[in-house]
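Here's a quick tour for anyone meeting this protein for the first time. Have a look at the chain below, then read on.

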Amino acid sequence: MTPGATMGDSAPIALLGGTFDPVHFGHIGLAQDARRALALPQVRMMPASDPPHRPPPGASAGHRLAMLKLAIARRRGLVLDDRELRRQGKSYTVLTLEELRRENRDGPLVLVLGADAFRGLPNWYRWQDILALAHIAVAARPRDPFDAALPGALEPLWAERRTADRAVLASSPAGRIFVVPTTARDISASAIRSALARGGDEARKVRALMPRAVWDYIAAHRLYAA
């Protein structure tokens with residue numbers, strides 16, 4: 001079905017992937033922003049097993065899965081999808097979308113991406129196929145003109161496929177780009193890992209950046225310690 005084609009409206013399945021290494025309030029806030037902006041019943045949090053575009057995670061798949069379960073346990077509308085941890089090989093997003101499309105032939109799928117990830121899309125495996133499988137919701141930080149310097153390969157897609165109408169995402173299965181306004185959150189998983197590796201006061205400073213249950217889990221299992 002081509003972008004803009006109509007079908008019976010249904011709530012899109014929205015996906016937010018990442019290593020969640022560790023999961024923090026930035027991840028949770030982004031998922032909640034997307035859920036509100038798109039009026040979704042839920043957002044699926046999907047941890048990657050072997051991400052192809054970055055170094056291997058610092059914590060094992062089992063630990064990252066456990067932390068994510070703790071982080072979203074009491075957060076309405078956030079659910080876990082661990083299919084990439086169960087699948088062998090690289091966690092290529094296009095393969096995940098193809099799997100979901102087989103399960104949900106005509107229903108809308110929405111891939112939630114940060115602005116940096118969206119700009120890097122041309123470096124992804126089979127990236128040209130992604131909009132044939134899903135819509136993309138780009139999370140834009142306040143005052144971040146992320147579309148001002150898009151890679152040349154993305155410019156025609158941005159011009160042709162963007163929409164400001166979230167209803168379009170519910171009335172077609174794939175092919176549109178929607179911008180999700182997000183709250184500024186200066187939180188970095190890599191900075192958290194570095195602080196935890198240094199220990200002491202540096203580690204304690206990042207305690208407030210994640211749910212208490214996640215912090216307790218990290219401490220109990222001595223994750224990210226030098």
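Let's start with charges: Lys and Arg count as positive, Asp and Glu as negative, while His and the chain ends are not counted. Each charge is placed at NZ of Lys, CZ of Arg, CG of Asp or CD of Glu. On that basis, the 32 positive and 22 negative charges of the protein chain have mean positions 6 Å apart.

A word on the source: this is a predicted model, where local features need pLDDT of at least 70 and side-chain atom pairs pLDDT 80 or more, while totals for chains, interfaces and linings use all residues. Residues are numbered from 1 along each chain as its sequence is written, and side-chain values use heavy atoms, leaving out hydrogens and water.

Now the overall build. The C-alpha atoms fit a box of roughly 55 × 35 × 30 Å along the principal axes. Of the 226 residues, 47% are buried (under 20% relative accessible area, 1.4 Å probe, protein chains only).

Inside, there are two separate nonpolar cores, meaning sets of buried Ala, Val, Leu, Ile, Met, Phe, Trp, Tyr and Cys residues joined through side-chain atoms within 4.5 Å.

| Core | Size | Members include |
|---|---|---|
| Largest | 38 residues | Val23, Met67, Leu196, Ile218 |
| Second | 27 residues | Met46, Leu97, Leu121, Ala134 |

In the largest core, Val23, Met67, Leu196 and Ile218 touch the most other members. Leaving aside residues up to four places away in sequence, Ile218 touches Pro22, Met67, Leu196, Met210, Leu223 and Tyr224, with contact meaning heavy atoms within 4.5 Å.

Notes:
Buried means under 20% relative accessible area, exposed over 50%, partly exposed in between (1.4 Å probe, protein chains only).
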